[in-house]
Amino acid sequence: MSQSTTRRPRPAQWPWSRRRSLYDPPTALDSFLDSPLRFLVSTIYAILLSLRGASFKPRKDKPKVKVVCISDTHTNTQDIPNGDVLIHAGDLTNAGTVKEVQAQLDWLAGLPHREKILIAGNHDSYFDAKSRKDEDKGKKLNFRSLHYLENKAITLKFKGGRKLNFYGAPDIPKCGGRDMAFQYDRSSDPWENRIPMETDVLITHTPPRYHLDLNLGCAGLLKEIWRVRPRLHVFGHVHSGHGREAVFWDEGQAAYERLMERKKGGIIADVLPSLAWWDSLMVLYYGIKGILWQRLMVGPRGGNGGLMINAALVYQSTVDLGNSPEVVEL
């Protein structure tokens, strides 16, 4: 059976302290010392996104599809909101053994959602032949009614004639030894032209770079999703990135990502004139322009953007539950 579902008390982390781990969110002091300019612009960018409102609205001519998103359960189980489809974005387990994986599959299969989709994560070593433990070789899993996607697309039908195209891939930039699954060198780009253009819902274990990722995500994946622009992108892996972020695929977002990509020079370098200042001004200009366009022109219909969700359920650098499932209607 899986581990206890009790939630771990969250230790206090004061804004003027320093973070305990690379996988914990940076405090205000961390961010300021790293780059005051980026700290300020990131804060303003988050405010601008919230003022722009929804990046898209569900269709009104057909029934909505309720999508429940989870990831990084690490052998834990908990109550999950019901919906039309449940997505698990990897790291079902800690050790990746057949026993641990099958326990998670049994739990997921017992949930009431009509459709259930999962991918593997780097801790789910059974799924990758290169990281599979010797004692698990030759053993099989029972997926029951679950859809397992490994570099694979699937189209599912819902009430009212709705159809959604899902694509799932487990790969992550290298972060551990041989016992970790589906790793690639960060310098490589295995994502180019890989995701089908018709993808509505993308499921990866790694986040894209600069979005809900503590700057630990994949730049190649970010480039690829700019090409595909899925309506919903669900991922996990970086537990402290849990949450959701609207994306509009516009010049403001591009300027923000360029700023985050530039070399950080700390307090002194940020004062000096540089292209980082130009990117910062572009973030503000296009952010305000986007608010006016969204509020005055597009209105309550919403835009033509998408939504990114980091659905990790465990808290920061632990394997104890601490985050809630994310629910979205498409």
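What share of the contacts in the protein with a separation of 6 or more comes from residues 24 or more positions apart? The figure is 72%. Keep in mind that this is a predicted model. The protein has 330 residues, and buried ones make up 52% of them. Below is a quick tour: overall build, the cavity, two odd backbone angles and one arginine.

**Overall build**
- DSSP-style bookkeeping gives the protein seven helices and 13 strands.
- A compact globule with 330 residues would have a radius of gyration near 20 Å, and the protein agrees because its own value is 20 Å.
- If you're setting up a box, the C-alpha trace spans about 60 × 50 × 40 Å along its principal axes.
- About 15700 Å² of the protein is exposed, and carbon and sulfur atoms supply 56% of that area.

**The cavity**
- Rolling a probe the size of a water molecule over the atoms shows where empty space is left.
- Searching the whole structure turns up one cavity of 30 Å³ or more, and the volume of the largest cavity is about 90 Å³.
- Its lining takes in 13 residues, with Tyr45, Leu49, Arg52, Gly252 and Gln253 nearest the centre.
- Four elements each supply at least two lining residues: helix H2 (36-52), strand E11 (243-247), helix H5 (251-261) and helix H7 (275-298).
- Of these, H2 gives the most, with four residues.
- Sorted by class, the lining holds eight nonpolar, three polar and two charged residues.

**Two positive phi angles**
- Most residues other than glycine have a negative phi.
- Phenylalanine 182 has a phi near 55°, a positive value in a residue other than glycine.
- You'll find phenylalanine 182 in the loop between strand E7 (172-173) and strand E8 (183-184).
- Phenylalanine 182 has a relative accessible area of 8%, so it counts as buried, the cut-off being under 20%.
- Tryptophan 249 also has a positive phi, near 55°, and sits in the loop between E11 and H5.
- Is tryptophan 249 buried or exposed? Tryptophan 249 is buried, because its relative accessible area is 8%.

**Arginine 18**
- Arginine 18 belongs to the segment before helix H1 (28-34).
- Leaving out residues up to four places away in sequence, arginine 18 touches Thr27, Leu29, Asp30 and Leu33.
- Glycine 83 is 65 residues from arginine 18 along the chain, and 39 Å separates their C-alpha atoms.

Conventions. Residues numbered from 1 in each chain as written. Predicted model: local features only at pLDDT ≥ 70, side-chain atom pairs only at ≥ 80, totals over all residues. Heavy atoms only, no water. 1 Å grid on protein atoms, 1.4 Å probe; cavity = no way out; pocket = protein on both sides within 12 Å on 5 of 7 lines; lining within 4 Å. Points joined across faces, edges and corners; volume = space filled by probe spheres on them. Nonpolar A, V, L, I, M, F, W, Y, C, P; charged D, E, K, R; others polar. Buried < 20%, exposed > 50% of the residue type's maximum accessible area, 1.4 Å probe, protein only. Contact = heavy atoms within 4.5 Å. Rg over C-alpha atoms; globule rule 2.2 N^0.38 Å. Areas by Shrake-Rupley, 256 points an atom, 1.4 Å probe, with all protein chains shown as cover.
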